[in-house]
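Me: I am new to this structure and should be grateful for a close look at a single part of it. Please choose one helix, describe its setting with care, and then relate it to the rest of the chain.

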Amino acid sequence: MGSKLVNKKLVVLHIDGLGADTLERALRDGRMPNLRRLIDAEGYEIHRYRCGLPSTTPFAQAGILYGDNSEIPCFRWWDREQRVLVQFGTRSTFKKVAGKYFDGCDPLTRDGACIAACYPAEAADDFGIAYQDRSYGRQPRSRSAWNVLLPYLANPVHLGDWVWQIFAVLVRTLRDYATARSQGRHPARSYVAIDAAEEMFVHHLTRYAVEKAMREGYSPIYAGFYAFDEVAHAFGPEDRAAQNVLGHVDHTIQKIADSRDGRYELVVLSDHGQIETTPFAASHGKTFGEVLAGLLPGFRVQEIEGKTYGPAEPKARGKVMVTSSGGAAHVYFIERAERMGHRDLMAAHENRVREVARLPQVSLVATRDGAEDVFTCDTEECRGAAVKPWLATYDDPDILFTHLSRLNSFRHSGDAIVFGAFIDGKQVNFEGQAGGHGSIGGEQLHPFLLAKKEWAIDTSQVNSSQELHPLLCRLRDRLAG
């Protein structure tokens, strides 16, 4: 790295859910002209890497920011020790268990700014925008979001741009929803209007916060942009609605790149990709929770973000909780203080694991027998590495086995982890989304890092997001001299 790069600051833009293939296709198709010019003018390269399992934002972002994403098995999970549902999003509860995580880590953004991220990462400020609970100004060492929002709206140019973008997004989203319905497709309604509009608002506010952090000299700066991921959940990543959002993302990258003023270097990355999915209920006719309740008579089955099935609690034999992330679902028998082993599951519930694995909508059920992985595929039970020939249809079997085995070793994982099958090229999704991630197969496991060639970054051996962390920390430190 040449001396001309010494004493530079670093800003990292996290584009949620944008896989490497989708990025390259958007550049070829001319959907991101500003990014194309930046790549050509400044010698940027697209580096592919693997995010690991689960392919979710909390897991991947923990790896990027802290270098440690252990015991984050899902977007939502049941903490048996503290008996709490841990989740991110609008009702985040991660703060209840945060003391268990990241001890002894070297956060990427220590004393910098961490904006719209799942975690504070020891940043000096988050500018009042925290992804984890969509709350503003409630985090330690956080200024009020009004300190960001009011100056932004006070500028007539910003205000006009924001109002126009919100109006345009709402009109376009409703049009795309109507078009999808007329073509017989079923976009995820919960994401269509409210979440899309919210993300566009947060997207604008986050961009302004990044520019403000740069003016104030923070380094490093890490900022999350979630608009593409949200719209892709609603319509699918290949749908026109999702592809159109990439123009919005491209505009944001240009605005921030133009604000560097010779003081900052820019990195753009994603945490995971997305794939086309079909809801479990649309394929089966019943939700996964309803199917489980039928297989476990007398048990009360609660799908988080879904319905509850079975008898009322006083009459129930036990309670089962299902937490899902796209094409993966964790099944918890929540009265248990420890994770249930494979033999205990088979003894207590006969062949229920095999019955779940035989569902056409299910490709694999992972359980644990002591220190050994047990994978049930259709009617076949594979132990340890014996599952690799089956995994070869999804990805590199050695790497995928390592990912699955690590996830299956987490004590916070479900007693059984269920992975959706691919039907007609789409993965079965346990959350009812048109596009998803969190599981195995396809682009969801293959994000990107955009960096200058002269930095000599090599991601060819990065097989999980925590392995990206030291590369970014070294870049941060070398730029700072």
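Reply: The secondary structure of the protein chain comes to 16 helices and 20 strands. The model is a predicted one. Of the 481 residues in the chain, 61% count as buried. Residues 24 or more positions apart account for 68% of the contacts with a separation of 6 or more.

The part chosen for the close look is helix α2, which runs over residues 33–42. Its buried residues are Asn 34, Leu 35, Leu 38 and Ile 39. Seen down the axis of α2, these buried residues fall within an arc of 140 degrees, and therefore they line one face of the helix. On the other side of α2, Arg 37, Asp 40 and Ala 41 are exposed. The buried residues pack against two helices, α1 (20–28) and α9 (240–258). They also pack against the strands β2 (44–48), β7 (264–269) and β20 (448–452).

Just after α2 comes Gly 43, which takes a positive phi of about 70 degrees. Gly 43 is found in the loop between α2 and β2. Its relative accessibility is 33%, so Gly 43 counts as partly exposed. Leaving out residues up to four places away in sequence, Gly 43 touches Leu 38, Ala 451, Lys 452 and Lys 453. Leu 38 is itself one of the buried residues of α2. The C-alpha atoms of Gly 43 and Glu 454 are separated by 7.8 Å, although these residues are 411 residues apart along the chain.

From this helix one may turn to the nonpolar cores. The largest of them has 111 residues, and those with the most contacts inside it are Ile 115, Tyr 119 and Ile 221. Helix α9 gives the most to this core, with eight residues; α9 is also one of the elements against which the buried residues of α2 pack. Apart from the largest core lies another, of 28 residues, including Val 322, Val 331, Val 362 and Val 428.

Helix α15 offers a second example of how a helix is placed in this chain. It comprises 13 residues (397–409) and reaches 18 Å from its first C-alpha to its last, close to the 18 Å expected at 1.5 Å a residue. At its N-terminal end, Asp 396 acts as a cap, with a side-chain oxygen 3.0 Å from the backbone nitrogen of Asp 398. Within α15, the residues Ile 399, Leu 400, Phe 401, His 403, Leu 404, Ser 405, Leu 407 and Asn 408 are buried. They pack against β12 (328–333), β13 (362–369), β14 (372–377), α14 (388–391) and β16 (416–420).

The strands deserve a brief word as well. Strand β3 (residues 76–79) pairs with β4 in the antiparallel sense over four bridges. Trp 78 stands opposite Leu 85 in β4. Four residues lie between the strands of this hairpin, where Arg 83 takes a positive phi near 50 degrees. Strand β4 (residues 84–87) is covered on both faces: Val 84 and Val 86 are buried on one side, as are Leu 85 and Gln 87 on the other.

Elsewhere, Ser 324 has its place in strand β11 (residues 318–325). Its relative accessibility is 6%, so Ser 324 counts as buried. Neighbours within four places in sequence aside, Ser 324 is in contact with Cys 74, Arg 76, Ala 329, Phe 430 and Glu 431.

Key: Residues are numbered from 1 along each chain as its sequence is written. This is a predicted model: local features need pLDDT of at least 70, side-chain atom pairs count only at pLDDT 80 or more; totals for chains, interfaces and linings use all residues. Side-chain values use heavy atoms; hydrogens and water are left out. The expected span of a helix is 1.5 Å times one less than its number of residues. Buried means under 20% relative accessible area, exposed over 50%, partly exposed in between (1.4 Å probe, protein chains only). Contact means heavy atoms within 4.5 Å. A polar contact is a pair of N or O atoms within 3.5 Å; within protein, one must be able to donate a hydrogen and the other to accept it, and residues adjacent in sequence count only if both atoms are side-chain atoms. The arc is that of the directions from the helix axis to the C-beta atoms. Two strands pair if DSSP finds at least two bridges between them. A nonpolar core is a set of buried Ala, Val, Leu, Ile, Met, Phe, Trp, Tyr and Cys residues joined through side-chain atoms within 4.5 Å.
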